[in-house]
Amino acid sequence: MPELWFWLVGLMFTAWAVLDGFDFGVGILHRVVARTDEERRQVIGAIGPVWDGNEVWLVAAGGSTLLAFPKLLAAGFSGLYLPVIFAVWALMLRGASIELRSHLGSPLWRAFFDNAFFLGSLLVPLLMGVALGNVLRGVPLTAAGYFELPLFGSWTPDGELGALDWYTLLCGLFVTMALTAHGSTWLALKTDGVVQAKAVALQPKLFIATGVLWALGGAATFIVAPPSLGVGFWVGIALSVGGAAVVLTRRRHELQAFLGSCVFVAGQLVTALGGMFPVVLRARPTPELSLTATNAASRGAGIDGALIWWVPGVLLAAGYLWWVLRHFRGRVA
Amino acid sequence: MGDPLFWHRLQFAFTIIYHYLFPQLTMGLALLIVVMKWRALKTGDDTWAKAARFWVRIFGLNFAVGVVTGIPMEFQFGTNWARFSQLTGGIIGQTLALEGLFAFFLESSFLAMLVWGEKKLGPRKHFAAAVALLVGSWLSGVFIIITNAFMQHPVGYTRDADGVFSLTSVSEYLFNPWAFAQYAHNQMASLVTASFVVTAVGAFWFLRGTYLEQARLNLKVGTTAGFIASALVAFPTGDMQAKLVAKHQPAALAAMEGRFESGPRATIHLIGQPNVAERKLDNPIGVPAVLSILAFGDIGANVTGLNDIPQSEWPTNIELLYYSFHVMVGLGTLFIGLMAIAVLFRWKGWLEQQRWLLWALMLAAPFPYIANTAGWMTAELGRQPWLVYGVLRTAEGASPTVHAGSAAFTLIGFTGLYAVLGFVYLVLVGRELLHGPEGEAHHA
């Protein structure tokens, strides 16, 4: 049962990365691809009806983690206190910018929120990538199940661990770049005119950078914390490679390219989850203290009966998404 | 102040109080918007549709800031209250996950449709979008109140040798009697906020002599809903809540009333300053026997004083708890009086001539926010020194590895961020109020 919840919670984080991921990418790209106020409103319009719902996947995934693996949420969030709070601030700044920017016509007002939108959209994937890097690399968990890390660690491969160190930052950069590329495929699909042309023109560079960082991050991971090469890992690799192939070969078919990008992002998450399974938070240098799906799981009637509402809840959320996308089909001019 | 617990508590208190300024308007206003849109559908009268359109614009702004300030809440369970999350996650995670899946997805999917989609959807579907927001926002309240009710009055659980909580009965947890009373009380209080705001905007436009037709409609909706909601907050919902506190949290009741001596025919105090060091209430003015009647429905009922409760189980800030409770009850009583006069005058057709009353209604708008905040402070300060009442102390719930310096740092950051958000919100809402109900103030 805890193993099942490992994948169900993982699925929710994957949905968040795929869906909110393109929102972040769009936010990172908007200052480059959109110069005039008209174009920027077009870019925000391209995520306006969906971004909030996409972000709910994070909230729902967080709530489900609390329910299924309370020890993971407790240790992870308190141990990475500052990076997590910084991510919260970035999420807030971003949400406020999207919603409040266009209420006043003043160019100064809009310039302020455009910059806040860019900064927030950049910092969330960077910090979430850093957090993922910490989970993959391992943290100094004690027998009590908690850990402390300095915010800044060593910038050499064999130095002191930090919430931010060379490895976690590399993970953060890869996640940021992959989601920027992901965002460019959404812009290619949902916009037209100058914005679309600029987004498409940037794609070769974004794809190459993503590929390079993927190779670097992957190699570093095998050195720092070799993943377990189970079925999940290989499924993730297959999805990533397949998705990337679709994006590269079907670049002119915007919908196929976007869906390929979704599969690539999902594949990355599945690779990470599969490489960890059944560990949910790796302990370093004492692997025997690692939190696993089993020893971090909650017990009792709460988790036992949770599938009864979890399945319809997720189906309902998918239904809303379909409904919103249907009403929002076509390009934003 | 070197104690991390102080900073964790202050940060959570600050962020949750600030956050709840927004949902309390959202929930009540969603109901009033549905009523307005329903009247518009029924009567075909464009006055109703125009009023709904104005309030949807305010709703959209308010909702956005509510979403943004809501983001830190769930995170802080893990960052600042890690021990609490670790021990009770299997229980409170249930309702927090339910809230995400069943309330937030619904709200986020239909908000854009409500705010931007009236032309595209047509009147019936647009009405449905308003109903979706009403259901979503009130469901969100259900799950949060159930979570809080477990902390106030834990039911349906067991603890293992390590102290970890787990549920023995999901239905006992979801149908906690405490949650029922608390939800009813809280939702009526939210409706008080919304109806006072609607009334105040009507009064503001009327006093300025602008948009008279819309001003009249807002005064009608606001005072009618305001009178009903103000009455229901006190009775039966507030009464139900008070009786539960009296039964299950005697230390909280004693501190709320500044009561140290036990005894029957207990006095309810209207005014007085708790003197905790000398264990008495200074300068008291009260009504004998009323507290016994209100708390237990029996004039002879004994109401326990703090002297008969071990000091280790006293609420940690008796003064603030006492004033929170008295501010809530005092304001709540004034609300009933003010709205009763307003409804009477409007019914008699005198309201529009009585500028003093319109002034009072306009200036009353901030007070439901104060009363709601004071009410929640009463609930949460009364719960102290417990995180889960009688079972888990607040000090046992904080994150073991987060130091005072880190928590103080992030509290300062939140304060700055919230100052900017509050400023931006007030600028935008003020603009909408001045611009009035005709057309949009956006995109100027």
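The exercises below, each with a worked solution, concern a predicted model.

**Exercise 1.** Describe the side of chain A that touches chain B, by the elements that give residues to it and by residue class.

*Solution.* Begin with the extent of the contact, in which 54 residues of chain A meet 52 residues of chain B. Next, assign the chain A side to its elements: those that give two or more residues are α3 (51–68), α4 (70–79), α5 (81–100), α11 (301–304) and α12 (307–327) of chain A. Of these, α5(A) provides the largest share, 12 residues. Finally, sort the chain A side by class, which yields 32 nonpolar, 17 polar and five charged residues.

**Exercise 2.** Decide how the compactness of chain B stands against the globule rule for 444 residues.

*Solution.* First take the secondary structure, which in chain B consists of 14 helices and six strands. The radius of gyration of chain B is 23 Å, close to the 22 Å given by the globule rule for 444 residues, so chain B is as compact as a globular protein of that length. The spans of its C-alpha trace along the principal axes are about 60 × 50 × 40 Å. Burial can then be added to the description, since buried residues account for 54% of the 444 residues in chain B. As a last step, consider contacts in chain B between residues at least 6 apart in sequence: 74% of these join residues at least 24 apart.

**Exercise 3.** Classify the packing of α1(A) against α6(A) and give the handedness of the crossing.

*Solution.* Start from the geometry: helix α1 (residues 2–33) of chain A packs on helix α6 (residues 107–137) of chain A at an angle of about 135 degrees, and the axes are 8 Å apart. Because angles over 145 degrees would be needed for a roughly antiparallel pair, α1(A) is oblique to α6(A). The crossing of the two helices is left-handed. On the α1(A) side the contact includes Phe24(A), Ile28(A) and Arg31(A), while the α6(A) residues include Asp114(A), Phe117(A) and Leu122(A). By class, the contact has seven nonpolar, four polar and two charged residues.

**Exercise 4.** Classify the packing of α3(B) against α14(B).

*Solution.* The axes of helix α3 (residues 46–79) of chain B and helix α14 (residues 404–435) of chain B cross at roughly 175 degrees and come within 10 Å. Since this class takes angles over 145 degrees, α3(B) is roughly antiparallel to α14(B). Among the residues that make the contact are Ile58(B), Leu61(B) and Val65(B) of α3(B), together with Leu421(B), Tyr425(B) and Glu432(B) of α14(B). Sorted by class, this contact comprises eight nonpolar, one polar and two charged residues.

Conventions:
Residues are numbered from 1 along each chain as its sequence is written. Chains are lettered from A and ligands numbered from 1 in the order in which they are written. This is a predicted model: local features need pLDDT of at least 70, side-chain atom pairs count only at pLDDT 80 or more; totals for chains, interfaces and linings use all residues. Two residues are in contact if their C-beta atoms, placed from the backbone, lie within 7 Å. Helices (H or I, at least four residues) and strands (E, at least two) are DSSP runs, numbered from the N terminus. Ala, Val, Leu, Ile, Met, Phe, Trp, Tyr, Cys and Pro count as nonpolar, Asp, Glu, Lys and Arg as charged, and the others, Gly among them, as polar. The radius of gyration is taken over C-alpha atoms; the globule rule is 2.2 Å times the number of residues to the power 0.38. A residue is buried if 20 or more other C-beta atoms lie within 10 Å of its own, exposed if 12 or fewer, and partly exposed in between; C-beta atoms are placed from the backbone. Axes are lines fitted to C-alpha atoms, for helices over the stretch in contact, and angles run from 0 to 180 degrees between N-to-C directions. Angles under 35 degrees count as roughly parallel, over 145 as roughly antiparallel, 65 to 115 as roughly perpendicular and the rest as oblique. A crossing is left-handed if the near helix is turned anticlockwise from the far one by less than a right angle, and right-handed if clockwise.
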